[in-house]
Amino acid sequence: MKYRENPQNGDQLSLIGFGCMRFAKDEAEVEKEIRYAIEQGINYFDTAYIYPGSESTLGKVLAKGLRDKVKIATKLPPYLVKKYEDFDKLFYEELKRLQTNYIDYYLMHMLTEVSVWERLVGLGILDWIKEKKDKGEIRNIGFSYHGGKDEFIKIIDAYTWEFVMMQYNYLDENNQAGKSGLQYASSKGLPVMIMEPLRGGKLVSNLPKQVYQLMNKENADRSPAEWAFRWIYNHPEVTVVLSGMNSMEMLEENIRIASVAEANAFDTNEYQLFDQVREVLNNTIKVPCTACNYCMPCPVGVDIPTCFSCYNDREIEGKFAAIGKYIMQTSLKSTPSNASLCIQCGKCESHCPQKIEIRNELKNVKKSMEGFYYKPARFVIKKFMKL
């Protein structure tokens with residue numbers, strides 16, 4: 001197993017981390033997989049308060065003499081915090097589930113904008129974090145992120161974080177926080193944990209035939225999953241890559257890859273391969289937006305790059321997954337930023353280096369992402385986030 005060092009504290013963290021959101025249903029199988037992972041050198045396990053049964057299952061296994069061999073990462077759901085007392089209520093429930101008295105890496109879960117963090121600050125979270133760190137109950141504090149690159153940077157600058165977690169893969173190089181966000185976090189000395197390296201499996205199965213042909217031509221012994229992981233591992237700024245492993249076959253392959261992959265290891269042909277793969281995949285998307293943000297800020301607050309990113313995701317992730325992401329990242333922000341807010345002023349188009357007809361494309365986003373199902377879906381997601 002390859003390890004990368006946390007520059008904040010010297011922790012040697014396994015290159016592949018065990019994502020615990022979707023454990024196998026059979027508890028005996030889960031224990032077998034966790035034990036095997038630890039035996040093979042995986043020492044970073046990521047769970048969350050809202051993952052059904054995940055914390056309890058992980059805690060039950062680790063309590064059998066394995067706790068000191070791993071780093072546990074879990075998350076506080078900000079939308080369940082209404083008052084100061086809720087911080088303790090949620091946190092100590094997590095400790096009980098995990099059968100531990102401390103969390104190695106504790107995250108604010110699913111931040112999409114800096115205002116979510118500012119609300120927590122207003123409720124007193126800074127004092128709460130200090131208390132927990134003074135007691136040794138939280139070792140490192142960070143956040144997981146879903147949103148555009150500008151808000152990602154604002155959140156990083158809003159507090160002295162000790163690590164971050166973001167979505168990153170070869171198709172999202174310019175989406176969400178993107179490569180510039182990754183580099184910014186790294187420049188601040190922050191370890192970066194990566195989620196969605198395979199886009200929920202979408203970068204493994206149902207790819208265009210031409211993508212498989214390109215990958216096989218370069219190296220027929222590497223699966224699409226291996227290519228995707230190696231692309232991320234090639235980035236020296238990346239510390240841990242999370243994978244939701246729920247079979248021994250998947251576990252064994254991911255461990256093998258993480259045992260041989262290196263940073264800055266790609267040659268010219270491999271870089272060119274991913275240029276070609278992205279070109280093929282980008283030909284299936286609707287809007288050729290690179291998220292350069294030259295079109296921003298919008299006078300009425302439309303988050304143009306995020307609107308286009310979610311719209312494009314329909315072609316890869318499917319309609320319902322993309323619309324859910326769109327609602328969370330635009331409509332449910334404290335200041336909504338969805339496409340239907342566009343007043344057709346055209347200011348954005350004069351700055352777009354891709355010469356995208358942004359006003360027309362935002363109309364298409366509105367039609368596609370804010371149809372008859374939009375309001376009920378928004379209601380359900382909003383209700384879930386305010387449980």
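Two residues are said to be in contact when heavy atoms of theirs lie within 4.5 Å, and this report uses that idea to describe the surroundings of Thr-74 in a predicted model.

Thr-74 is part of strand β5, which covers residues 71–76. Because its relative accessibility is 0%, and buried means under 20%, Thr-74 counts as buried. If the neighbours within four places in sequence are set aside, the residues in contact with Thr-74 include Thr-47, Ala-48, Tyr-49 and Glu-55, and also Glu-94, Leu-98, Ile-103, Tyr-105, Tyr-106 and Leu-107. Two of these partners, Ala-48 and Glu-55, are reached by the side chain of Thr-74 at the distances listed in the table.

| Side chain | Partner group | Distance |
|---|---|---|
| Thr-74 | backbone nitrogen of Ala-48 | 3.4 Å |
| Thr-74 | side chain of Glu-55 | 2.6 Å |

A residue elsewhere in the chain gives a sense of scale, since Ile-304 is 230 residues from Thr-74 in sequence and 32 Å from Thr-74 in space, taken from C-alpha to C-alpha.

Strand β5 also belongs to a closed barrel of eight strands, which runs β3-β4-β5-β6-β7-β8-β9-β10 with parallel pairing. From one strand to the next, the twist averages 30°. Helix α5, made of residues 125–135, packs on the sheet and touches β5, β6 (103–111) and β7, and the direction of helix α5 makes about 140° with that of β7.

Further along the barrel, strand β7 (residues 138–145) pairs with strand β8 (residues 163–167) in the parallel sense over four bridges, and Gly-142 stands opposite Phe-163 in β8.

How values were computed. Residues numbered from 1 in each chain as written. Predicted model: local features only at pLDDT ≥ 70, side-chain atom pairs only at ≥ 80, totals over all residues. Heavy atoms only, no water. Helix = DSSP H or I, 4+ residues; strand = E, 2+ residues; numbered from the N terminus. Buried < 20%, exposed > 50% of the residue type's maximum accessible area, 1.4 Å probe, protein only. Polar contact = N/O pair within 3.5 Å; in protein donor to acceptor, adjacent residues only side chain to side chain. Pairing = 2+ DSSP bridges. Axes fitted to C-alpha atoms, helices over the stretch in contact; angles between N-to-C directions.
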